[in-house]
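Visitor: Could you walk me through this one at the bench? I'll ask, you point.

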Amino acid sequence: MNHYIVCTEKIWNTSNYEKYFGDKENFTLFSGDDHDLLDNRINALKPRIIFFPHWSWKIPKEIYSKYECVIFHAADLPKGKGKEPFQWMIESGFESTVLTVFRCTEGIDAGPVYAKIPFSLNGSVEECYKRCSDITFDKIKEMTDFVDKGGVFTPRVQIGESTNCGNPTNEILLDAIENLEELSRKIRAWDAESYPKAYFEVDEFSLEFSNAIMRHDCIEAHVKIKMKEE
């Protein structure tokens, strides 16, 4: 029987792992707490494929050169390489993106492509992450079912101009923004669990924003007011 490993973080991915594969003896989860992939467990399991949906750590060459490692990146590679593609695209005004499924190689986000799946960037970045997670785990199930039936993948070399997403600015203080559309996008781009919220500072207070909805001539959002940190 083929064995598969899923290396992931964020609660929406670990929840989907349990939903799809939690009762499967031939699946193993590595969470963010297990980010050292050079321990002996991987070699002991002898995985057919290791999947990496939302993984923040570098995959060692000793791993991707020995096992088929599949990465999921929310941009239309080779365009949009780099960190935080969701934040960059939302801040830049993109309304949709493509989930690129590709094989890990030495170059960053440079490996051959198994599939590209379009999806919407509507809503907060957390809603986008959850939408992407559903698509990702559907794809993992499809790929493992295919391999278990004897299928062999032939990913295709990336074609086109290579560009970086430029990485979004980590400056989430909203003072410099001068129009509502940009303000709404900035709030949406950082509105997710474990990410800092976009905020204003007013006198001694810090106002953090979430759940932003752009109306015709205003933004409706939730606000948390705290004392400004020193």
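Guide: Here come a few questions on strands and one helix residue.
This is a predicted model, where local features need pLDDT of at least 70, side-chain atom pairs count only at pLDDT 80 or more, and totals for chains, interfaces and linings use all residues. Residues are numbered from 1 along each chain as its sequence is written, and side-chain values use heavy atoms, with hydrogens and water left out.

Visitor: Are the residues on the two faces of strand β1 buried or exposed?
Guide: Strands are DSSP E runs of at least two residues, helices are H or I runs of at least four, and both are numbered from the N terminus. Buried means under 20% relative accessible area, exposed over 50%, and partly exposed lies in between (1.4 Å probe, protein chains only). In β1 (residues 4–7), Y4 and V6 sit on one side and I5 and C7 on the other, and they're all buried.

Visitor: In β2, which residue is the bridge partner of V6?
Guide: Two strands pair if DSSP finds at least two bridges between them. β1 and β2 (residues 27–30) pair in the parallel sense over four bridges. For V6, the partner in β2 is L29.

Visitor: And in β3, which residue is the bridge partner of I5?
Guide: β3 covers residues 49–53 and pairs with β1 in the parallel sense, over three bridges. For I5, the partner there is I50.

Visitor: Which residues is I140 in contact with, leaving aside neighbours within four places in sequence?
Guide: I140 belongs to helix α5 (residues 125–148), and its relative accessible area is 0%, so I140 is buried. Contact means heavy atoms within 4.5 Å. The residues you're after are F21, F27, F51, P53 and F72.
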